[in-house]
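Visitor: I am new to this structure. Please pick one part and take me through it closely, then show me what else to look for.

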Amino acid sequence: MAFSATAIASKILPLPPLPEPVANNAVALVNTKQGDYLVSMMGLGEAKNHTDVHNKGWQLALSQKPDGWQRTPDVPSSLSLKGRLASVAATLPGELLLFGGYTVAADHSEISTPDVYSYRPDIKQFEQLADMPVPVDDSVALSYQQRYIYLVSGWHNHGNVDLVQVYDRLNNRWFNATPFPGEPVFGHAGAIVNNQLLICDGVKVAAIVDGRRQYEAERACYLGQIDNEDPAKISWQTAPHFAGKARYRMAAIGSQQPQGKTGFYFVAGSENPYNYNGTGYDGVAAPASSRVDFFDLASGDWQQLPARSVATMDHRGLLEWQGQLLTIGGMNDKQQVIDKIIRYEVAN
């Protein structure tokens, strides 16, 4: 599969920016009977302090002439603080499902929330679903068989977990799948194609010094295959890593083109893990990346593709629409929260 970062073809409709800058937002492309919608939920505003952590949402109807983003109802919450960071979204027909995230208090304390909500953009309506057994944030959410959502690893209040928690939408219940085999991480990226999933990088707890956690990037990829008969069984194996350093809060998506290669795109992120304001855990401002990497499932090889025109980071998902890959919001190379939709075409 070739990749083109050249001018967008005339058939591709221009997409307006978000109404305001937001980073670390849960994003999704939802297919409904009334049409397709881009959705952005919660995240961090441009001032990047605890009061800028919000529960606002926006949706964009992808009609013939998109007429701008519309506010959704505010995302509900079971906690006293309503705004959340590092929530993740996954889609099922007609709806997106929102999982977890964490709140940030004035004293900088953080709480992982158990909340799970369904949102239908065609009627702008939320529905509360069964809570996560172990609340996580900065996880990876992957949709399977139009029924299951897999949450892989992530942060739970005081540390990372190796859990793979699976939500069954049909029965509104949870069960555990085969645990993640690598170092438990947060801020990793991953995607799924058919029954195969790829998880890369993130941040592990390296040590605890004087009662304070020391964080370290984890350079590793793992390929999992979900058993066709039992969704709780995943066969994991190590996978090659793309060239270069590990990246934090990349965006990823699985892609299966009719006449192209099947695999996974990983884009953007930062080589320096950082706190929610874009400052590295080492005290140095984190630089954003413009890299695009593709993992070919058939060959098991990585291909580095032409870089994006804009370096970004702090993403929670990569979307595909009309032959384009999209990121919505995030931070730029100056750690500024942005309102842009960054896009480029995928050519077979």
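Guide: Start with a pair of strands. Strand β6 (residues 88-92) and β7 run antiparallel and are joined over five bridges. Keep in mind that this is a predicted model. β7 spans residues 95-99. Find Ala-90, and you will see it standing opposite Leu-97 in β7. The two strands make a hairpin, with two residues between them. Gly-94 sits in that turn and has a positive phi of about 85°.

Now turn to the other partner of β7. Strand β10 (residues 116-120) pairs with β7 as well, again in the antiparallel sense, over four bridges. There, Leu-96 has Tyr-119 as its bridge partner. So β7 has β6 as one pairing partner and β10 as another, and five of its five residues are buried, so β7 is largely enclosed by the rest of the structure.

Look at which way the side chains go. Glu-95, Leu-97 and Phe-99 point one way from β7. Leu-96 and Leu-98 point the other way. Both sets are buried. That includes Glu-95, a residue that counts as charged.

Follow the chain on from β7. What lies in the loop between β7 and β8 (102-104)? Gly-101 has its place there. Is Gly-101 buried or exposed? Its relative accessible area is 0%, so Gly-101 is buried. Buried here means under 20%.

Which residues surround Gly-101? Leave aside its neighbours within four places in sequence. Its contacts are then Arg-84, Leu-85, Ala-86 and Ser-87, together with Ile-111, Ser-112 and Thr-113, and also Val-136 and Asp-137. For a sense of scale, take Ser-289. It is 188 residues from Gly-101 in sequence. In space the two are 24 Å apart, C-alpha to C-alpha.

Now go back to β6, which leads to the largest pocket. β6 supplies at least two residues of its lining. So do β2 (26-32), β12 (140-144), β18 (189-193), β24 (251-256) and β29 (319-321). β24 gives the most, with six residues. The space in this pocket comes to about 1000 Å³. Its lining counts 38 residues. Thr-91, Ser-143, Ile-192, Ile-253 and Gly-254 lie nearest the centre. By class, 22 lining residues are nonpolar, 14 are polar and two are charged.

Next comes the second largest pocket. It holds about 750 Å³ of space. Its lining is made up of 24 residues. Nearest the centre are Glu-110, Arg-213, Tyr-215, Asn-275 and Tyr-281. Strand β21 (residues 212-217) gives the most to this lining, with four residues. Eight of the lining residues are nonpolar, 10 are polar and six are charged.

There is also space closed off from the outside. How many cavities of 30 Å³ or more are there? The count comes to one. The largest cavity has a volume of about 40 Å³. Its lining is Phe-180, Glu-183, Val-185, Ile-199, Cys-200, Asp-201, Glu-218, Ala-220 and Tyr-222. Six of these are nonpolar, none is polar and three are charged.

Stay with Cys-200 from that lining. It forms a disulfide with Cys-221, and their sulfur atoms are 2.1 Å apart. This pair links distant parts of the chain. Cys-200 is in strand β19 (residues 196-200), while Cys-221 is in strand β22 (residues 221-226), 21 residues apart. A search of the whole structure finds one disulfide. The torsion about its S-S bond is about 115°, so the disulfide is right-handed. Cys-200 and Cys-221 are both buried.

End with another hairpin. Strand β16 (residues 164-168) pairs with strand β17 (residues 173-177), antiparallel, over five bridges. Val-166 has Phe-175 in β17 as its bridge partner. Four residues lie between these strands. Asn-172, in the turn, has a positive phi of about 50°. Set this beside the turn where you began: there, two residues lie between β6 and β7, and Gly-94 has the positive phi.

Methods:
Residues are numbered from 1 along each chain as its sequence is written. This is a predicted model: local features need pLDDT of at least 70, side-chain atom pairs count only at pLDDT 80 or more; totals for chains, interfaces and linings use all residues. Side-chain values use heavy atoms; hydrogens and water are left out. Buried means under 20% relative accessible area, exposed over 50%, partly exposed in between (1.4 Å probe, protein chains only). Contact means heavy atoms within 4.5 Å. Two strands pair if DSSP finds at least two bridges between them. On a 1 Å grid over the protein atoms alone, a cavity is a set of points where a 1.4 Å probe fits but cannot get out, and a pocket is an open set with protein on both sides within 12 Å along at least five of seven lines; lining residues have an atom within 4 Å of a point. Grid points are joined across faces, edges and corners, and a volume is the space filled by probe spheres set on the points. A disulfide is a pair of cysteine sulfur atoms within 2.5 Å.
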